[in-house]
There are 2 protein chains.
Amino acid sequence: MQVKVVSRILQANDRMAEENRKRFEERGLFVVNLMGSPGSGKTSLLEATIRALKPRLRIGVIEGDIMGSDDAERIGALDVPVVQINTGGACHLDANMISVVLADLPLEELDLLIIENIGNLVCPAEFNLGEHRKMVVLSVTEGHDKPLKYPLMFEESSALVINKIDLLPHVDTDIAKVRRDALSLNPGIKLFEVSCRTGAGIEAWAEWLRESRS
Amino acid sequence: MQVKVVSRILQANDRMAEENRKRFEERGLFVVNLMGSPGSGKTSLLEATIRALKPRLRIGVIEGDIMGSDDAERIGALDVPVVQINTGGACHLDANMISVVLADLPLEELDLLIIENIGNLVCPAEFNLGEHRKMVVLSVTEGHDKPLKYPLMFEESSALVINKIDLLPHVDTDIAKVRRDALSLNPGIKLFEVSCRTGAGIEAWAEWLRESRS
């Protein structure tokens, strides 16, 4: 009974996601849905990515948070168009929320739209937004057991960005296991190791993202 | 419309939680619902807590994960009764799941039951399980903005355990802000700073937990 309700919600969401997708494609806009746990470093990765790509791509951002606008202010400081969604409690973004805020972005003037989802390694993976690619950020401090414990997120994502590698000497995380388990769930997933703090690995990641567009 | 569905689910859950609570109280069992992000260190805190309290309290554990039984195996190695719930995708435990597995635990022989929820800083806070206390674990690597971004979790919890303080020299997290924001959301919340890796702060936390029982 409960499952039925959920499946109807997901179907309605998929229809709306398809409409978003059409709007993106009409404008030649490449859209990425960035997901990960609270504190995995999604906003920091977004800042580093914008800095790396801004000279060559016109980038816009949708920030999803339960409440507050700290992240949108961080992104706005980089002088790119940004809209903040506050879900007021909901644990994921859905396609309808995205549809509503698209009017607040200059879509015709953008090449790449990055949507930062709510910090949550579970629910966002179930809701398509109309994006072309999902990406997941995982911090090395979260431990190496996460892909097998939260498989859907890794199965759905085109890339896994392993963040905070500057902290590797101070934690017991086995990155080889993270890579192995992510690939066992999703053999096509692209793996990156980065540190937003030191800048390590950012260039390779940003370059791959830029090339994914075409 | 969607909100209506959610509110009916929550009401049904609250009724079931009340039944669980009665079963706990009939047996004089103190029950804690341990929540936090993926990788915040819930299982490590549970291990350290069991080691600290086992000589004086009879402890049982319910492990919640989307899939797998790694955590239950870690806890079982400490020779306490443990049951693993696999939600198969659901992002939180609910009262019905708890009700179903209670038959698999020797409730009459326990003083303290700790339920480790799914790693998620959002959804678990909305679902009462019948527990006496909710507790939230936050790792210093998650950053100092988390209480204000995920307020319900901090409003609902009796204690906030700030974990991995051994990593403080390597991150930019302002712990004073975490403490201040958590207290502004919930002036009665009890704050602990611990490192499960070094053992720092574990004794004070475990002692407080033991005393909360009475």
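Select A:I59 and A:L112 to begin: A:L112, in strand β4 of chain A, is the bridge partner of A:I59. The model is predicted; local features need pLDDT of at least 70 and side-chain atom pairs count only at pLDDT 80 or more, whereas totals for chains, interfaces and linings use all residues. Residues are numbered from 1 along each chain as its sequence is written, chains are lettered from A, and side-chain values use heavy atoms, with hydrogens and water left out.

**Strand β4 of chain A**

Extend the selection to residues 112-116 of chain A, which form β4. Strands here are DSSP runs of E with at least two residues, helices are runs of H or I with at least four, and both are numbered from the N terminus. Five of the five residues of β4(A) are buried, where buried means under 20% relative accessible area, exposed over 50%, and partly exposed in between (1.4 Å probe, protein chains only). A:L112, A:I114 and A:E116 lie on one side of the strand, A:L113 and A:I115 on the other.

Next, add residues 59-65 of chain A, strand β2, which runs parallel to β4(A) and is joined to it by five bridges. Two strands are taken to pair if DSSP finds at least two bridges between them.

**Strand β1 of chain A**

Now select residues 30-36 of chain A: this is β1, also parallel to β4(A), with five bridges between the two. A:V31 is partnered with A:L113, and A:V32 with A:I114. Strand β1(A) also pairs in parallel with β5(A), residues 133-139, again over five bridges; there A:V32 stands opposite A:R133.

Why is β1(A) described as largely enclosed by the rest of the structure? Seven of its seven residues are buried, so the description applies. Colour the two directions separately: A:F30, A:V32, A:L34 and A:G36 point one way, and A:V31, A:N33 and A:M35 the other.

**A loop residue in chain A**

Move to A:T173, in the loop between β6 (159-163) and α7 (175-185) of chain A. A:T173 counts as buried because its relative accessibility is 15%. A polar atom of its side chain lies 2.6 Å from the backbone oxygen of A:V140. Leaving aside neighbours within four places in sequence, A:T173 is in contact (heavy atoms within 4.5 Å) with A:V140, A:G143, A:H144 and A:L168.

**A loop residue in chain B**

Select B:A125, in the loop between β4 (112-116) and β5 (133-139) of chain B. B:A125 is counted as buried because its relative accessibility is 4%. Not counting residues up to four places away in sequence, B:A125 touches B:M35, B:K134, B:L152, B:M153 and B:E156. Show the C-alpha atoms of B:A125 and B:E156: they are 6.8 Å apart, although 31 residues separate the two along the chain.

**The interface between chains A and B**

Finally, display both chains. In chain A, 33 residues are in contact with 33 residues of chain B. The buried area, meaning the accessible area (1.4 Å probe) that two parts lose on being put together, summed over both, is about 2800 Å², with 55% from carbon and sulfur atoms. Select A:P38, A:K149 and A:H170, which supply 21% of the area that chain A buries against chain B, more than any other three residues.

Six salt bridges lie between the chains, each defined as a side-chain nitrogen of Lys or Arg within 4 Å of a carboxyl oxygen of Asp or Glu. One of them joins A:D71 to B:K149 (2.6 Å, N to O).

Note on methods: A polar contact is a pair of N or O atoms within 3.5 Å; within protein, one must be able to donate a hydrogen and the other to accept it, and residues adjacent in sequence count only if both atoms are side-chain atoms.
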